[in-house]
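Me: I would be grateful for a close look at a single part of this protein, with the aromatic side chains and the loops around them as the subject. Please place that part within the whole and give the cut-off behind each term.

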Amino acid sequence: MLAQGEKAVRPAKSGRTGHVTMMLVALLACLVVAACGGRRTTNVKLPPPINPRVGWTQVGVASWYGPPFHGRRASNGEIYDMNKLTAAHKRLPFDTWLRVKNLSNGKTTEVRITDRGPFVGKRIIDLSKAAAAEIGMLGSGVAKVRLTLIRPPKGSTRAGAAASNAKPASRRQAGRFDIQIGFFEERENANALAAKARGRGHRTSVRRTVEGGSQRFQVLVAGGNARQANARLRTLQRQGFEGFLHPRRD
């Protein structure tokens with residue numbers, strides 16, 4: 001019995017509190033995982049881009065990504081295919097080719113950069129499922145690797161070739177191009193990037209597209225003909241933007 005004036009002390013709801021804590025941890029983990037693939041640049045600030053020469057190397061931890069990002073659009077505008085030899089890097093230009101060596105078993109593969117990421121810990125590259133299989137890291141999920149920048153392999157196709165700074169083929173000089181600098185699920189994010197580019201003196205637009213029943217928003221900078229568009233692309237890159245030439249749809 002309690003003496004007059006005494007109050008009963010309820011036991012702490014440790015079980016319920018622990019359950020809520022575990023749910024919050026799981027939710028945060030899901031958010032972290034979601035940040036390392038798919039539309040990887042939507043809400044993440046990228047470090048400054050770099051443009052190293054052939055022979056450049058980097059050593060660090062690699063991971064790989066597949067479902068649910070297979071079939072979704074990568075940061076360079078291509079549809080991500082986990083069965084092709086591609087990869088995501090935070091700073092290297094799109095269409096950069098790398099030789100990736102798994103330092104634990106000596107296996108190598110060659111990949112083309114088409115996406116941005118990873119954004120988990122200190123990982124330096126996200127490989128496609130096919131590339132991860134080639135160097136024997138599907139099971140472990142991560143591996144310490146050495147990246148070496150190489151020249152594009154002979155006969156390789158470059159789906160993003162229009163984004164290169166090389167002189168375009170003469171038969172395309174008469175074409176008109178925009179420069180895609182972003183591709184978002186949320187219009188608000190697209191509008192923010194468009195406003196940023198507009199503040200740097202570029203004429204921008206946001207175009208809504210629908211793929212598989214889902215809407216996406218392209219951020220486009222007016223380029224002009226191939227020569228003009230490549231010149232503006234170089235200006236954008238100096239200002240910290242990433243992009244590639246996109247044939248204009250009139």
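Reply: The account below begins with the whole chain, turns to the aromatic rings and their loops, and ends with one helix.

This is a predicted model, in which local features need pLDDT of at least 70 and side-chain atom pairs count only at pLDDT 80 or more, while totals for chains, interfaces and linings use all residues. Residues are numbered from 1 along each chain as its sequence is written, and side-chain values use heavy atoms, with hydrogens and water left out.

The protein has four helices and ten strands; helices (H or I, at least four residues) and strands (E, at least two) are DSSP runs, numbered from the N terminus. Along the sequence their pattern is α-β-β-β-β-β-α-β-β-α-β-β-α-β. Of the 250 residues, 40% are buried, where buried means under 20% relative accessible area, exposed over 50%, and partly exposed in between (1.4 Å probe, protein chains only). Taking contacts (heavy atoms within 4.5 Å) between residues at least 6 apart in sequence, 75% join residues at least 24 apart.

The aromatic rings come next. Rings of Phe, Tyr and Trp (its six-membered ring) pair if their centres lie within 6.5 Å; planes under 30 degrees apart count as stacked, over 60 as edge-to-face and the rest as tilted. By this rule there are two aromatic pairs. One of them, Tyr65 with Tyr80, is stacked, with 4.4 Å from centre to centre and 10 degrees between the planes. This pair links distant parts of the chain, since Tyr65 belongs to strand 1 (residues 57-65) and Tyr80 to the loop between strand 1 and strand 2 (86-88), 15 residues apart. Both Tyr65 and Tyr80 are buried. Ring pairs link Tyr65, Phe69 and Tyr80 into a cluster. The loop between strand 1 and strand 2 also holds Pro68, and the peptide bond joining Pro67 and Pro68 is cis, with omega about 5 degrees.

Two further rings carry a charged side chain over the face. A charge sits over a ring if NZ of Lys or CZ of Arg is within 6 Å of the ring centre and within 35 degrees of the ring normal. Arg116 lies over the face of Phe94, at 4.1 Å from the ring centre, and Lys196 lies over that of Phe241, at 5.5 Å.

Two loops contain further backbone features. Asp95, in the loop between strand 2 and strand 3 (97-102), has a positive phi near 75 degrees although it is not a glycine. Asp95 counts as buried because its relative accessibility is 5%. A cis peptide bond also runs from Gly117 to Pro118, with omega near -5 degrees, and Pro118 lies in the loop between strand 4 (108-115) and strand 5 (123-128).

Finally, helix 3 (residues 187-199) has 13 residues, which at 1.5 Å a residue should span 18 Å, and its end C-alpha atoms are 18 Å apart, in agreement. The expected span is 1.5 Å times one less than the number of residues. Its buried residues are Asn189, Ala190, Leu193, Ala194 and Ala197. These lie on the same side of helix 3 because they cover an arc of only 135 degrees around the axis, the arc being that of the directions from the helix axis to the C-beta atoms. On the other side of helix 3, Glu188 and Gly199 are exposed. Gly201, with a positive phi near 95 degrees, follows helix 3.
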